[in-house]
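These are my notebook entries on one structure, kept in the order in which I looked things up.

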Amino acid sequence: MMRFMLLFSRQGKLRLQKWYTATAERDKKKMVRELMQIVLARKPKMCSFLEWRDLKIVYKRYASLYFCCAIEEQDNELITLEVIHRFVELLDKYFGSVCELDIIFNFEKAYFILDEFLMGGEIQDTSKKSVLKAIEQSDLLQEEDESPRSVLEEMGLA
Amino acid sequence: MSYVGEKTLTALPSLLSLDSQPGPAKLSSTSKLGNLIRGITELTSKHEEEKLIQRELESIKEQVSSPNTSMRQMKELMVRAIYCESLGYEASFVYIHAIKLAQQGTALEKRVGYLAVSLFLNESHELLLLLVNTVLKDLQSTNLIEVCMALTVVSQIFPKEMIPAILPLVEEKLNHPKEIIRRKAVLALYKFYLIAPNQVQHIHNKFRKALCDKDPGVMTASLHIYLQMIQENPEGYKDLTGSFVNILKQVVGGKLPIDFNYHSVPAPWLQIHLLRILSFLGKNDLRTSELIYEVLDESLRRAEMNRNITYAILYECVKCIYTIHPKSNLLEKAAKCIGNFVLSPDINLKYLGLKALTYVIQQDPKMALQHQMTIIECLDHPDLIIKRETLELLFRITNAQNVVVIVEKMLEFLQNSPDDYTTIDLVGKVAELAEKYAPDNEWFIETMNTVFSLGGDTMQPDIPNSFLKLLSEGFDSVEEDRKLRLFAVDSYVSLLQGETRKLPQCFLQVISWVLGEYSHLSEDHNRSTVLRLLEKLLDMKQTSSETKCWILMAMTKLCEGTAGVCVAQQVSETYISSMDTVLRQRAQELQHLSQDSELREEVLPRDSGLDPMEIDSSLSFLDEFVSGALAAGAAPYKPPHQRQEELAEAKVLSLEPYGLALPISMSSCSITDRHSPTPLSMSSGLSGDSTDVSHRAGLKLDGVQRVWGRDGYLAKKESVEEAAPVQGLTPVHSPSLQNEGDGSHSQTPTPTPTPEPDREKEQLASSLFFGVSSQSSVCLMGKPDSTFNRRRKAKVQAPGVTEQLSSSVAPVSNAVDNLLCNNLQDSNINSVSAASSKQTCELSPRVPAANGTCNTDCGLPESDRKRSNLSISRDNGLVDADSALSEDQGSRSDLCPSSYLPAELCGLYRSEIAPLCTAHSLELSACHVHQGDDMILIIFISNSSDSQVLQIRLDLKSEQLKVTCVSDSSVENIKSHTVAVYQYSLAVKRPGVDVEVDGTLSFLLPAGTPQTKHFSYKLPLTAFIRPLLISTEEYGTMWLGFSHEVKQNLTLVDDGCEPLTFTLNLLKNRLQLHLVEIIGLEGILACRLLQNQPCLMHCRVHAGALAVWLRSPVPELPDCLVYHCQRVLQEK
C-alpha cells in the first residue's frame, strides 16, 4: 500500500501531499523535509528507488516537479513508477499539457484527480477514461451552479 | 514553509511571465488565489512572505466568521486557507468551517470542504466527530457524486471508533447498481479492515461477492482485501486458488475490456496483485503451487517485451516463483530474468536485479558467481543506493573465507553513511558477521571497536549485550578465552590513553565493564593505571550518569591495594552526594566495598560471570507484602495498559445509551472488586485491533527458509561439483586484498560481462566470492568451517538474538527434504504407495475423526523402501483389483478397532477412531477417551496379514504433552488378524491451539528386516478443558491473581431474543466451560485445563460484538482458548 505521495518542485517547494496512513503533523513535516533533501540531492542518472527508514521511496522527476511515493516493503517499485506516470498522464489530459503552474493554481483539482485515481493508498481505477469521466461528472455539476467565469469553462472543458 | 529557500521565490516570476502557458493557469491567476500566489512570488524575503500570509489569514478569518459569507465564497476562502497551510502557516480557525462547508455546501463546495477536512485534520482530531453526521447523510444521498465523496473521505480519515456508525451504510453500497459506488465501497471496507479488522469480520462473505462482481474494477478492488486476508491466513483461502489463477489467465490472455490496458499491457496492476496473492497461497504448498505453475509460465512468456511496465510484472513473477514451491524450469527462467535485470543498462532495473539476487543468493550461490563482475562494479557505483544494496547482497554470501574483505567494504561505507537508519542496520550486520566468522581475536576486537565507535548510541542495544555475553561466556578453550579477553583489555587501555572525548557512551560502558572484569589478566597494566584511566573518564563532561554508574562498578571491582582504595575513596566522595540516586548508590557501594576487601571478594567474586542466576520473575517473594498491603486497604496494582484504558475510558465517546450500561457495570464492580474487568470498553477492543494491524507481517523473503536451488533442492552433490571450479578461480592463500595472486584468472568458469576486467577487480572478486558455493557443501558434511565457528555457537545460545542467516540451519532441513524429494521423484514407488493408500481408504469403513488428524512420513532409506513397497503389493494383494477387495473387506470386518476398546473405557466419551498410518500389513489408528479428569490416548495396531509381526515397539513423544504409558505390558508381537491396544495417559505441558503427539513405530518384517514408521496424532486443546465450578465471589478473588490475559472481540451469535445467553451457552456446551453468572450485558465463565490450571473469562456485549477478556496463570492458555471460542462462534 502506498503510505504517502508528495509533489515538490526542484526548488524544494511542496506542491501536493497526500498521506494514506495516520501520521502526526510534526512527523509529516520532518519526513517531507528529510525526503526532499535526499531526493533533491540525487543526480539525474541515479536510481529512482530508495530505501528510507522502513519504507521504500519511489520518485520520478517530470520537468521541474518531483513526484515521490513511499511504499511498503512488499510493494513493487516498478509498478509504483507507473502509478506516478499514470497520474501525470491524467493531469496532462485534464489540464492539457500540464505544467507546474497548473498544479500551483489549481491544486484542489489536482487533489480531486488524485483522489479519483488512488483511494486509501491503492490504485482505484486504472482506466484513464473512467477517472476523467468521474472528474468531469463532478465538474459538470460545478458548472450548473457556478458563474460563467468558471475556470472550467474558460479552459474549454465544460 | 520555513525550509524553503528564497530561490523559489525568485524563480517563480520568470515562470509566470511565460506567455506560452496554457489556459487555466493564466486565467485563474486573476482570481483571489491567483493574486495571493502572484503576490507571494513577487516578494523577496521570507519575512515579507510571512507578513503577507498573516495579513491574508486575518482577512480570511474575518470573512469566514461573517454571517453574510455565502457557501461559494466560503469555498474560495477555503482553497486559500489550504494554500496558506501548505506553505506551513497554521490556519486552525478554518477547520470548523471546512466541516461546515462539507455539511452545507452544494456538490462542488462540499467537495472542497471534504478535501480541506482531509488535508487539515488527522484521524485523531476531535473535530472529526462532527463529520460523522455529514458522512451519514451523504451516504444516504441519492446523488451519486455525494455518495462518492463520502466514501472517499471515509477511506481517508475516519475515526476508528466511529466505523460502526457508518458500516451498515457502506455495506449496503456493495449492492449498489453503479459499479463506481461498489468499487469505492469495497475500498472503504478495505481501509476499515486495515485499521480495525474486527469490525468487518462479519462481512467476509460479502467480500466474496465483490470478488465475483461482473465489473472488473470492483473485482480488482476486492483483491486488496483478499491480499491482506490471505497474507494473514493463507490456509483459509486455498480454495480460491483456482479462481485467482483463472482470473490471471483471462487477464494475461487479454480478455478484459481494452479500457483496462495500460500502455497496451492488460491490467498490469491487477496482474501484479494476483501474482502477490498467488505467491502467498503457494508458499510451502506443493499442491497449490502446481495449480499456479502454468499461469506463471504464461505470464513470463507474455511479458517479454521491453517496457517498464512489463518489467514490473516480470519482477513480480520472479518473486512469486521463488516464493512458492519450486519448479525447476520456472526457476531457470526466473534466474534468466534476474540476469537480464542485473545486466540491464537501466539503473532502476539493475537495482531491482541486485535486490532479487539478494533474495535468491542463498539458495543458489551460483548466481553470485555468474554475476560477480557486475557485483564488483556495483560496489563502486557512484549511487549510494546501489552500493548499499550490493553490500546487502555480499552480507548474504559472507563466509569465514571472505568475511574480512566484506566487512572492510561495509565499514568503508559506514564511514560516510548518509543516515542513522542505514548506520544502525549496517552496524548490526557487521557485528553479526564479526561474531560468526571472525578469523582471529585481534580482528574481532578491532572490528567490534569500529562497530562501537561508528554505531554510537543509536545502535541496537543487543549488540553490546551479546558482545559482553560472548566475552564472559567464552568458548570451549580456556586459553583461547583468556587471549581474547586479554586482547580486549589491552586494546581498550590503549584506546583510553588516546582521545576519549569522541567515544560513544555505550562503547565506554562496554570498555568499563571489560576493564573491571578482566584487567587482572593483563600484566602490562597494573590496576592503578586502569583506575586512573577510568577516573579520567568520570571527570569528562560528556560522560552520562548511566556510564558513570558502569565506571563506578568497574572501579569497585578494581580497587585493591592502598593506591586503589585511595582513588576509590576520592571518587566515591565526589559522587556520594550526587543527585542521581543510582549513581549515589554505586558510590556508596564503592566506598564500602573498597574498605572491606573480604566482603568485596564475596560480593564480586572474580570470573563468576558464568554462573546462571535464578531469577524469580513472578516476584512471588513479594506476595506476602502485597497481600498485607491489600488487607491494609491499599489499591490493587493495575498494569499500565489498564490504567491507560481507564483514562481513555473517561474520554472515549460512548455509543451506547447510558440508561442500560451504567447500573450494570456498577453491579459487576461490586462482584469483582475494583479490579474487575468493567473497564473493558470500546477502547480496549480497539487497542486489540491496533495490535492486530502491527502483527501483520509483510512479504519477508529474507526470513524464508531457502532450501531450493535452481534444479530443485540444493543437493549435496551439486555444490561439491561447483566447489571445484571456484577453487580454480581463486588461487588466494590469504583472503586479503593485498594478496599477490598469480593473475591466472582467465579460467573463470562463467562468462563475465566485461571482456577485460582489470586485475584489481578480479582479485577483489576472487576474495569476495571465495568459498561462496563451496560453503554449503562444507556445512552439509558437518565439518566446522574454522575454529571460529565457536563464536557462532556462542551467538546461537544468546537469547533474543535472531540467527536469521545462519547457514547451519538449512543443511539439516536439506537432508530431511532430500528424503521427501526422493520419495516424490521415484514415481514408481510413488504410484504404488498412492495406490495402496487409496485402497486402504476404500477398504476401511472408518471415517476420519473430526478433530483428530494424522500425518505420516516414511523414514526409510531408499533401498529399503523399494523392497518394502514390493512387499506391500504382495501382502495386501493390491495387484488384483475387485475380487481381492471384497475378500479383504470380509476379513477386515472383524478387525474393527472399536471392538477392541478396553472394557473400562467403553461407554465413556471418546473421539472417533482415526487412522494414523499403515505400514505393510499393520494399520495404526487412534482415538482419545475422556476418563474423568484423565485423557487417555488409545492406539490400535491391527495386523491384517496372515503372518505374525514381531518386535513391535511404539515410542511416543511430544513437546506439548506429557505422555505416560498405562498399558500393563507392551505387546511385542501381533498375531495375524488381531489388534493390539496401547494406552497412554496425556497431560498438557505447554498449551497450544492444537496439541500433537509424534510417534514412531518400529517392527520386524516377516523377512527379518527392521522397519520404522512415523506418525503423529493431533488433538485440540479443548479436549483438555473442563468446567471449573466456582462461585462469583471465588471468581472475583481468582481474577485478581492471574497475570496472563487476552482481550478480543468475538462475534455475537444471535438467536433472536437473548444473544448473550445464547452465545455463552453455546460456548459453555461446546467447550465445556462453567457459566458462573450472567448479569445484564455481562457474563462470566470459568474452566480449567487438566489437571488444575484455571482460566477465567469475562464477556460483555458491546457494539454488537462480544468483548471477551480472559485471564489465567498459564501464559498460552488465554490465547488458545480465545481461538477456540472464535472457531465455535464462526462455525455457528
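How many residue pairs are in polar contact across the interface of chain B and chain A? I find 17 such pairs, with both residues at pLDDT 80 or more. On the side of chain B that touches chain A, I sorted the residues into 51 nonpolar, 21 polar and 15 charged. I note for the record that I am working with a predicted model.

Entry: extent of the interface.
I looked up the residues on either side and obtained 87 from chain B and 76 from chain A. The size of an interface is often given as the accessible area lost when the parts come together. For chain B and chain A, I noted a buried area of about 7,200 Å². Carbon and sulfur atoms give 60% of that area.

Entry: charged pairs across the interface.
I counted five salt bridges between chain B and chain A. I recorded one pair by name, B:R111 with A:E116. Their closest N and O atoms are 3.7 Å apart.

Entry: B:N122.
Where in chain B does B:N122 lie? I located B:N122 in the loop between helix 7 (107–120) and helix 8 (131–139). I then listed its contacts, leaving aside neighbours within four places in sequence. From chain A the list holds A:T23, A:A24 and A:E25, and from chain B it holds B:L128 and B:I157. The relative accessible area of B:N122 is 18%, so I entered this residue as buried.

Entry: chain B as a whole.
I assigned 48 helices and 19 strands to chain B. Of its 1132 residues, 54% count as buried. I also checked how far apart in sequence the contacting residues are. Among contacts in chain B with a separation of 6 or more, 69% are between residues 24 or more positions apart.

Entry: cysteines.
I searched all chains for disulfides and found zero. I compared two cysteines of chain B by accessibility. B:C212 has a relative accessibility of 63% and counts as exposed, whereas B:C549, at 9%, counts as buried.

Entry: salt bridges.
Over all chains I counted 40 salt bridges. I examined several of them in chain B.

For B:D239 and B:R208, I read an N to O distance of 3.3 Å. B:D239 is in the loop between helix 13 (216–232) and helix 14 (241–252), while B:R208 belongs to helix 12 (residues 204–211). The two residues are 31 residues apart, and the pair links distant parts of the chain. B:R208 is partly exposed, with a relative accessible area of 33%.

The side chains of B:E589 and B:R586 also form a salt bridge, at 3.1 Å from N to O. Why are these two residues separated by about one helical turn? They are three residues apart in helix 32 (residues 581–595) of chain B, which accounts for that separation. I entered both as partly exposed, B:E589 at 25% and B:R586 at 22%.

For B:R1111 and B:E1045, the N to O distance is 2.8 Å. B:R1111 lies in strand 19 (residues 1105–1112) and B:E1045 in strand 15 (residues 1044–1051), so this salt bridge ties together parts that are 66 residues apart in sequence. Is B:R1111 buried or exposed? I found B:R1111 buried, at a relative accessible area of 3%, while B:E1045 is partly exposed, at 23%.

I also noted a network of salt bridges in chain B. Its linked members are B:R388, B:E392, B:R396, B:D425 and B:K429.

Entry: B:D285.
I placed B:D285 in the loop between helix 15 (268–282) and helix 16 (286–302) of chain B. A polar atom of its side chain lies 3.1 Å from the backbone nitrogen of B:R287. Which residues does B:D285 touch, not counting those up to four places away in sequence? I listed B:K238 and B:H325. I also looked up the C-alpha distance from B:D285 to B:I324, which is 7.1 Å, with the two residues 39 residues apart along the chain. The relative accessible area of B:D285 is 17%; buried means under 20%, so I recorded this residue as buried.

Conventions: Residues numbered from 1 in each chain as written. Chains lettered and ligands numbered in written order. Predicted model: local features only at pLDDT ≥ 70, side-chain atom pairs only at ≥ 80, totals over all residues. Heavy atoms only, no water. Disulfide = S-S within 2.5 Å. Buried < 20%, exposed > 50% of the residue type's maximum accessible area, 1.4 Å probe, protein only. Contact = heavy atoms within 4.5 Å. Buried area = accessible area lost by both parts, 1.4 Å probe. Salt bridge = Lys/Arg side-chain N within 4 Å of Asp/Glu carboxyl O. Polar contact = N/O pair within 3.5 Å; in protein donor to acceptor, adjacent residues only side chain to side chain. Nonpolar A, V, L, I, M, F, W, Y, C, P; charged D, E, K, R; others polar. Helix = DSSP H or I, 4+ residues; strand = E, 2+ residues; numbered from the N terminus.
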